[in-house]
Amino acid sequence: MTIQLSCPWCTDEVTFTIDEADEELVCSNCSTRMDFAPDPGVTYELLYASVA
Ligand SMILES: [Zn+2]
């Protein structure tokens, strides 16, 4: 599963792969790993709001 997010390192909107096992997002461009958003509501929206 992937989502589009602005990567602070790429300074561009890129595809992130969601690593649910590690609860991390992995930038497909620079391979930077980020934790999910600290706010569960925001994380939920990132993960699921755009899918519906
Ligand atoms: Zn990146």
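How many residues lie between E2 and E3 in their hairpin, and which residue in the turn has a positive phi? There are four residues between the two strands, and glutamate 23 is the one with the positive phi, about 55°.

That turn belongs to a predicted model, so let's start with how confident the predictor was. The protein chain has a mean pLDDT of 82, with 79% of its residues at 70 or more. Broken down by element, E3 comes out with the highest mean pLDDT, 91, while helix H1 (residues 40-49) has the lowest, 69.

**Overall layout**

The protein chain holds four strands and one helix. Read from the N terminus, the order is β-β-β-β-α, which puts the helix after the strands. Of the 52 residues, just 4% count as buried. As for contacts with a separation of 6 or more, 10% link residues 24 or more positions apart.

**The sheet**

The four strands make an open, antiparallel sheet, ordered E1-E2-E3-E4. Strand E1 (2-7) and strand E4 (33-35) sit at the edges with a single partner strand each, so one side of each has no neighbour in the sheet. From one strand to the next, the twist averages 40°. In general, strands of a sheet pair through backbone hydrogen bonds, in either a parallel or an antiparallel way.

Here is how the pairings look, each with one example of bridge partners:

| Strand pair | Bridges | Example partners |
|---|---|---|
| E1 and E2 (residues 12-19) | six bridges | threonine 2 and threonine 17 |
| E2 and E3 | four bridges | phenylalanine 16 and cysteine 27 |
| E3 (residues 24-27) and E4 | three bridges | valine 26 and arginine 33 |

E1 is worth a second look. This edge strand is hardly covered: among its six residues, the count of buried ones is zero. Its hairpin with E2 has four residues between the strands, and threonine 11 there takes a positive phi near 50°. The hairpin of E2 and E3 has glutamate 23 with its own positive phi in the turn.

**A look at serine 28**

Where does serine 28 sit? Its place is in the loop between E3 and E4. Is serine 28 buried or partly exposed? It is partly exposed, because 13 other C-beta atoms lie within 10 Å, whereas a buried residue would need 20 or more.

Even from the loop, serine 28 has company from elsewhere in the chain. Setting aside neighbours within four places in sequence, serine 28 is in contact with Val14, Thr15, Phe16 and Thr17. Two of those residues have already turned up in the table: phenylalanine 16 as the bridge partner of cysteine 27, and threonine 17 as the bridge partner of threonine 2. Threonine 2 itself is 26 residues away from serine 28 along the chain, and the C-alpha atoms of the two are separated by 9.3 Å.

Conventions. Residues are numbered from 1 along each chain as its sequence is written. This is a predicted model: local features need pLDDT of at least 70, side-chain atom pairs count only at pLDDT 80 or more; totals for chains, interfaces and linings use all residues. A residue is buried if 20 or more other C-beta atoms lie within 10 Å of its own, exposed if 12 or fewer, and partly exposed in between; C-beta atoms are placed from the backbone. Two residues are in contact if their C-beta atoms, placed from the backbone, lie within 7 Å. Two strands pair if DSSP finds at least two bridges between them. Axes are lines fitted to C-alpha atoms, for helices over the stretch in contact, and angles run from 0 to 180 degrees between N-to-C directions. pLDDT is the predictor's confidence in each residue, from 0 to 100.
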